[in-house]
Amino acid sequence: MDIDLTPQQQSFRRGLRQWLDDNLPENWGGPAYLGPDDDEENAVLQTLWERRLYEAGYQGVAWPKAYGGQGLTMVEQLIVSEELGRRAAPEGINTIGKELVAPIILAAGTEEQKRHYVPRILTVEDIWCQGFSEPDAGSDLAGVRTRAERDGEEWVINGQKVWTSFAFQANWCILLARTNPDKPKHKGLTLFLVDMKTPGIEVRPLVQITGRKEFNEVFFDNVRIPAGMNVGAIDDGWNVSVNLLGYERATARLYRQARFMNEFEQLLRKLDARPEITGNPYYRQQIGRFYAELGILRQLNLKTVSRIVNGDGIGAEASVVKLFWSELHQRIEDFAFEAIGPAFVTDSKDIERFRYNFLQSRAVTIYAGTSQVQRNIIAERMLGLPR
Amino acid sequence: MRCDFSAEQKMLAQSVRRALESLETTRLQPGETADQIRPTAAQAKDRLVDLGVFGLLVPEDQGGLGLGMVEAVAVAMETGRAALPFPAIESIVATAVAARTRADILSDVLDGSAYVTAPVHGELSISDAPNTVVAGTVNLPFASEAKYMLASLKNGHDRDRSVLIELNGQRGEATDAIDLTYGSSRLEIAQTISGNEIVDMRSDAMLGILAAAEIVGAAEHCLDRTVAYLKERKQFGKVIGTFQGLKHIAADCCMQLEAMKASVEYAAALFDRSAARPDDARAASEAETAYHMAKAYCSEAGLKIAEQCIQMHGGIAFTWEYGLHLHFRRITRLAGSHGTAYAHRESLAARALAGAAVAGGLAADPELG
């Protein structure tokens, strides 16, 4: 066990804290932390924020310098995540690009793809969406039916994707499509990079439980893309994407823990004026419980990062962390409702943040693999129980 | 950065596991007490002495191993896994206190001839006038063997003073302990001590962290045994481990176990860091928080895992003969000792509410950097 940061890493953290003091959008934090209500205004704020982070050297922290990254390690990535989370900084608009597309291209793309696409993700010249889920391929992702058929020097794509976050803003899509219907269902899939301006693509926003429009339906009607836009080998899309999804599940949003702690703290401050709550053992027990679990979530994150920097792999442990944080987050939001009481349901003034997260957190046990899927993964891969 | 046991620490745990595995399995018959397993306990004690485990936290120049709490939790996970019928963690901590206060008895303690233990629970207070007197009622495991007892003394809110008390043949009254492998007695303590035998040492936190580590090991044993059973047992013509209704319970247990391990390893690492920086108030505060987190979480989650393991087995685990109850009972005893989940959550609530009220708040100073 060696839990301390090096002096260089400590000074990196201090530098970032100062930078955040100087650069966070005005009045950020507290109830204002969600950004503008208007989706377009919010998209502009998130885009500009992401560019500033990049220009200051706080994006692509652990990616190679050759592709626009900072060439540092996952420890520095953890530091950036924690500092951003602790201030509930804007999450940015290109999360799919940063958390999914770039890691896939870095692991499985050609040298040309790496040099072209990865830097453009960091500069937010390209915004990405993820065309994986379909109406009939959710948890059973390998059931994807969107087809890509070869026609000379082109692929012709037909089908429908759904729950496609940021598709409305995105100019690129990473698409999982069936290229060989004769192979077993996991074996005939290929990953493609698709320009969203290609004729035949239609995006229809879906209004979510929160009232915001972040995810979309995307329709592909004879969409023609050039050959050579595949990432990884043809018919190997399942391996390319699924192997990385696990790693990403564990590392992509390390800031969550600090963000939840920030939120928990805002809640405690709100409760501070109500001694009938803060002096009541029933509520104090829950406060103690959530504080412990939030602390332990951080310890699980540290273990994840430690495994990576010390060259041990990340496997099904990622599912343990996902299950832990998602269910914890939901329970904390439920507690916010219970502790705030009737005011929570009658008027969102002053508590908008908690009400928004209460609603939004219903999604966390569904996206990126439902809790039930995570439990299957844990049971089969970590405990070795039969399918 | 490395948030995991080192190769040496894993080897230490392995050697303890090997030494304890070959102990004759405890097969208590209904109505038998810890007295009947005294031969196993004596054997266990000999093995721990051979491995130098009592001296784990004792400096090398005093004849110990000179290791820290991280190594101690690695060992405690093994003693918990074995449901060892011997108070190993109490002895490890009490010996560490002996090294600071009673150099005269240390060699006897290290070679096992003078046995020290610590209360499972009990409140001891200290009064200073006219003499320094430690008094209270404690529940002491293996009191009949013990020559000395460790006392953690309240000093304000925390218990940051420790002292060894000589038992002078006091045996107390045997109690009906839920943990059958851990017979204990109730003792009335009223003892005059010399002030210079008291040392600033968080023996309560050390015991709490090691109790949490024992819970981890015992819960892991329950889950390992249950998973093996789920892979064999058939119903409806199928191995029951294929049923999602059971798989998902097992997966939840696995998740909680991973979280328990992380909490204990981290609490131990922060304790060691704080011990190495006695003047660093922030390090002490972070260690304190991590200790409460670990004991609060492990006490609840460990008990839940053991309980779910019985449920996943079905009737067989409810039998005396199957023996899973020994670990269930042990975890229950550990969850009820060295601060219950309730008590530790209350401490955490006080810290969280106070922390949230200061500028920068709870996450102002993450432990790293």
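**Entry 1: where the chains meet**

I looked first at the contact between the two chains of this predicted model. I found 48 residues of chain B in contact with 48 residues of chain A. Two residues are in contact here if their C-beta atoms, placed from the backbone, lie within 7 Å. On the side of chain B that touches chain A, I noted helix H6 (203-232), helix H7 (244-276), helix H8 (281-313) and helix H10 (341-356), each supplying at least two residues. H7(B) gives the most to that side, with 15 residues. I sorted the residues of that side of chain B into 30 nonpolar, seven polar and eleven charged. (Ala, Val, Leu, Ile, Met, Phe, Trp, Tyr, Cys and Pro count as nonpolar, Asp, Glu, Lys and Arg as charged, and the others, Gly among them, as polar.) Helices (H or I, at least four residues) and strands (E, at least two) are DSSP runs, numbered from the N terminus.

**Entry 2: numbering and confidence**

I count residues from 1 along each chain as its sequence is written, with chains lettered from A and ligands numbered from 1 in the order in which they are written. As this is a predicted model, local features need pLDDT of at least 70 and side-chain atom pairs count only at pLDDT 80 or more, while totals for chains, interfaces and linings use all residues. pLDDT is the predictor's confidence in each residue, from 0 to 100. For chain B I read a mean pLDDT of 89, with 91% of its residues at 70 or more. The model scores ipTM 0.94 and pTM 0.95.

**Entry 3: domains of chain B**

I looked up the domain assignment of chain B: domain 1 (7-200) and domain 2 (203-356). Such bounds come from an automatic or database domain assignment. The C-alpha centres of these two domains of chain B lie 21 Å apart. Between them, 32 residues of domain 1 of chain B are in contact with 29 residues of domain 2 of chain B. On the domain 1 side, helix H3 (69-81), helix H4 (88-101), strand S4 (148-155) and strand S5 (158-166) of chain B give two or more residues. H3(B) gives the most to that side, with ten residues. I split that side of domain 1 of chain B into 19 nonpolar, eight polar and five charged residues.

**Entry 4: a sheet in chain B**

I traced an open sheet of four strands in chain B, ordered S2-S3-S7-S6, with antiparallel pairing. Two strands pair if DSSP finds at least two bridges between them. Its edge strands are S2 (121-127) and S6 (173-174) of chain B, each pairing on one side only. S6(B) is joined to strand S7 (residues 184-193) of chain B by two bridges, and they run antiparallel. The bridge partner of Glu173(B) in S7(B) is Arg186(B).

**Entry 5: domains of chain A, and strand S4**

For chain A the assignment gives domain 1 (7-93), domain 2 (128-235) and domain 3 (254-382). I read 32 Å between the C-alpha centres of domain 2 of chain A and domain 3 of chain A.

Why is strand S4 (residues 172-178) of chain A largely enclosed by the rest of the structure? Seven of the seven residues of S4(A) are buried, so it is largely enclosed. (A residue is buried if 20 or more other C-beta atoms lie within 10 Å of its own, exposed if 12 or fewer, and partly exposed in between; C-beta atoms are placed from the backbone.) Trp172(A), Ile174(A), Leu176(A) and Arg178(A) point one way from S4(A), and Cys173(A), Leu175(A) and Ala177(A) the other way.

I then checked the neighbours of S4(A). Strand S1 (residues 128-131) of chain A runs parallel to S4(A), joined by four bridges. Trp128(A) stands opposite Trp172(A) in S4(A). Strand S5 (residues 189-195) of chain A pairs with S4(A) in the antiparallel sense over seven bridges. Leu176(A) has Leu191(A) in S5(A) as its bridge partner.

**Entry 6: strand S3 of chain A**

Strand S3 (residues 154-161) of chain A has two faces. Trp155(A), Ile157(A), Gly159(A) and Lys161(A) make the covered face, and Glu154(A), Val156(A), Asn158(A) and Gln160(A) the uncovered one. Strand S2 (residues 147-151) of chain A pairs with S3(A) in the antiparallel sense over five bridges. Glu149(A) stands opposite Val156(A) in S3(A). The hairpin of S2(A) and S3(A) has two residues between the strands, and Gly152(A) there takes a positive phi near 65°. S3(A) also pairs with strand S7 (residues 216-226) of chain A, antiparallel, over seven bridges. In S7(A), Val218(A) is the bridge partner of Lys161(A).
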